[in-house]
Structure formats: C-alpha cells, structure tokens
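Please open the model in a viewer and keep the selection tool at hand. The tour below moves from one selection to the next and states what is found at each stop.

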Amino acid sequence: MNYGIFKDLAIIFVAAKFLGILARRVKAPQVVGEIIAGLLIGPAVLHIVDKSDFLEQMAEIGVVLLMFMAGLETDLKELIKTGPMALLVAMAGVFVPLGGGFLLSSVFHGFAPVGSEEFFRSVFIGVIMTATSVSITVETLRELGKLRGKVGTTILSAAIIDDVIGIIVMTVVIGFRDPTQDAMRVVINTVLFFAAAIVVGFLCYYLFKYLDKKNPHTRRVPIYGMALCFAFAFAAEEWFGIADITGAYIAGIILCSIKDSKYIAEKMDISTYMVFAPVFFASIGLKADISGLNGTMILFSVGFVIVALITKIIGCGIVAKCFRFSMPNSIKVGVGMMTRGEVALIVARKGEDVGLLDPVYFAPVILLIVVSSIVTPIVLKLLFTKWPAEHGEQDIAPAKAAENQ
C-alpha cells in the first residue's frame, strides 16, 4: 500500500478548508477556495500533491454524492413543471457552444471541407464545449439557499439533460468519422435508462416510503439511500453508458419526496462535505498543468475559454428569457450553465482516443474547467446578491455545511 495517500489527503483537507474559509471571508463561495487550493498544491504551482488514481476515485465518489444530495434537495413538483423548459435550455446549451467552438477552431486552423478530417476536428472542439458540470453550481446554489427555487431547479434539470445530449452528439460525431461506432445504440441506451429508472424508481420509492414509516429517523434509511445512490450510479455508467452522476441524481430524485428526505440529507452531509467534496473540488485544481502552453496555444486557450463561457450564457439565457424569465433570472440561468468539469475531460479523452484531438488541446480544456469553476460561483453570488429571489422563486436556508465552518 502507498501510505503517501494519507499525506496527500492531510494536505488537501487543510488547504481546502483554509482557503475555503478565506474565500467565505471575502464573500466568495467556499468551493472557489477549494479549487484554488488544488491549483496551489498541485503540479501547476507548488507540486506538493500529485494526481493519483486513488484521489481520482475519491473525487468521483465526491461528485456522485454531491449529485445525490442535489437530487434529495430537489423540489419534484418544480422539476416536472420546468421539464420542457429545461429541455430547450439544455438544447441551446449544447448547440450554441457547439457552433461557437467550430467557428473558433475554423478561424484558427482554416475552414475545412465538410466531411474531411479537419472538419471533424473543428466540430469536436465544439463538442468539448457542450458539456456542463453542474456540481460546482449545485454547491454554490446550496450555499446561497437557492437550489430549490425556479432558477436553481431549471439550471439543475437543464445541466443533467445537457450532458446526456452532449454525449449523444459526441457519439454521433465520432460515428460519422468512425463507422465502427454505433450512434443509435447510445440513443437507445439513453431511452432505456430513463424508462428503467421510472419503473425501478417507483418500486424503490414505495419501498423506502415503507422503510421510512417503519423506521423513522433511524440511520439505516440514509445507509440504504447511499446504497441506492451507488447502485444507480453503477447501473447508469456500466449498463447504459450514461454518466454516473445522472444515475446518482435520479436516485436522489426518487427519495426527495419521502418524509425523511431532509434527515437523509443531513446524515449524508457529514461524509460528503467533510471528506469527499473537498477532494473533488481540489482535484479540479490538481489537474491544471499548463506548462506545455506556447504563444499560439495561449491565444487559442483564451479564445476557447471566452467562447465557451459566452455561448452558454447566450444560448441558455435567451431560451430562459423566451419562457418569460426576468432578464436577471435569465442571466442567472446562463451563468449557472457555464461550468465545465469531468465530462469535458472525458469527452476530450475520447476525442484523443479516436484521433480527433491532439494531446496539446488538453491544456485549453483544463484551463476552461479551472476558469469556469472559479468564475461561475463568484458571478452567481454577485447576481443573487444584486437581484434576490423574485417572481415565485422559492428559497431555502443556506446549507448547514456552509454555515458551520
């Protein structure tokens, strides 16, 4: 066993907590401090903690638990109400950045003939921009007490749908370029997953409702809930090829309407926010090794980040405005969809595997993840401070984990 992992965890926890508290002192969300902590202690700056498979796995557990918590705290009625709107927001959040990324790549590398290798490489740059990482936005909304409001629910729903559409688009692009890939299989698997989730979800809901009635406020219910979270995450990824965070979120949705859903969330709070979440947010900074950037790639990276952020705001914000959101709330929806995370890296890695992306382009992707992860929580907090809840927004008290620092 490599006992150096204990040293790494100790450094991560201390750095994440210290900079998280410091961030809150300067009125920024604590996740910003945790991401900066990973950046400072990682290869990009001090290099006292290295990336490892163990930390990657802990980070993955962290994002799964965060999404399960988000599902638990979702207002199911509001989710159903915003479903059609969230679908259109998500579609805009995919296809506007896809077009923006294609244009950016074409400007730098030339407009290639349709169907050529260079054409698909430019398209794939846009595909990387489509993925939304909801985890950081979720944590920010929890801190602000805005997760259950209309804006928060719309962002959360749209981000989940966004990743599904993005993965389908990625598979279609690869399928056109590589005939061995079956794009239709991904579509079928996605439909099958949600069909199975509805059927199994109803059974699990009534089972947990019975357990909750028989054993109210006992720890066995949160333990069974955590097992359901991991089971759905595994089934989504392994059996259907859907992101594990989608499965975890669905598991939370199943339990959000039972009587003890808040009790489950309180018990999950301890392990999630003391152990796994800091590792996840710090791991974003740990991945930021930008030593390979040259002048051209720095210029491309700046354009990549700007286009990726602006196209999400424009695409998602305009659709929200079309659904009679106020202008401030429309901007909040657009900003909430800006973050990129592990899905963008997964898409980039897949592009490298099939020859659509050179390794040098990982630097702009990581830079986008770091910048969007830091900027989005700050801008969201500023927006919610300047324009508090309005027109039917339903707020809850700020997350207990954020209060007890």
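The model is a predicted one. Begin by selecting helix α11, residues 261-286. A kink of about 50° interrupts this helix, and its centre is threonine 272. How much of α11 is buried? Of its 26 residues, 19 are buried, so the rest of the structure largely encloses α11.

**First stop: α9 against α11**

Add helix α9, residues 220-239, to the selection. The axes of α9 and α11 come within 9 Å and cross at roughly 70°. An angle from 65 to 115 degrees counts as roughly perpendicular, and α9 is therefore roughly perpendicular to α11. To display the side of the contact that belongs to α9, select Val221, Pro222 and Met226. Their counterparts in α11 are Tyr263, Ile264, Lys267, Met268 and Ser271. Colouring this contact by residue class gives six nonpolar residues, one polar residue and one charged residue.

**Second stop: α6 against α11**

Hide α9 and select helix α6, residues 134-144. The axes of α6 and α11 come within 12 Å, with a crossing angle of roughly 130°. This angle makes α6 oblique to α11. The crossing of α6 past α11 is left-handed. Which residues make the contact? On α6 they are Ser135, Ile136, Glu139 and Arg142, and on α11 they are Asp269, Tyr273, Phe280, Phe281 and Ile284. By class, five residues of this contact are nonpolar, one is polar and three are charged.

**Third stop: the surroundings of α6**

Keep α6 selected and colour its residues by relative accessible area. Buried means under 20% on this scale. Ten residues of α6 fall in that class: Val134, Ser135, Ile136, Thr137, Val138, Glu139, Thr140, Leu141, Arg142 and Glu143. Because 10 of its 11 residues are buried, α6 is largely enclosed by the rest of the structure. Immediately beyond the helix, select glycine 145, which follows α6 and has a positive phi, near 75°.

**Fourth stop: α2 against α6**

Now add helix α2, residues 30-41. The axes of α2 and α6 come within 9 Å, and they cross at roughly 140°. That angle makes α2 oblique to α6. From α2, the contact draws on Gln30, Val31 and Ile35. From α6, it draws on Ile136, Glu139, Thr140 and Glu143. Ile136 and Glu139 of α6 therefore deserve a second look: both take part in the contact with α2, and both also take part in the contact with α11. The contact of α2 with α6 contains three nonpolar, two polar and two charged residues.

**Last stop: two loop residues**

Follow the chain from α2 into the loop that leads to α3 (53-72), and select histidine 47 there. Although histidine 47 is not a glycine, its phi is positive, at about 55°. Is this residue buried, partly exposed or exposed? Histidine 47 is partly exposed, with a relative accessible area of 43%.

Finally, go to the loop between α12 (295-322) and α13 (327-336), and select arginine 324. This residue is likewise not a glycine, and its phi is positive, at about 70°. Exposed means over 50% relative accessible area; arginine 324, at 81%, therefore counts as exposed.

Conventions
Residues numbered from 1 in each chain as written. Predicted model: local features only at pLDDT ≥ 70, side-chain atom pairs only at ≥ 80, totals over all residues. Heavy atoms only, no water. Axes fitted to C-alpha atoms, helices over the stretch in contact; angles between N-to-C directions. Helix = DSSP H or I, 4+ residues; strand = E, 2+ residues; numbered from the N terminus. Parallel < 35°, antiparallel > 145°, perpendicular 65-115°, else oblique. Left-handed = near helix turned anticlockwise from the far one by under 90°. Contact = heavy atoms within 4.5 Å. Nonpolar A, V, L, I, M, F, W, Y, C, P; charged D, E, K, R; others polar. Bend = angle between axes of the 7 residues up to and from the residue. Buried < 20%, exposed > 50% of the residue type's maximum accessible area, 1.4 Å probe, protein only.
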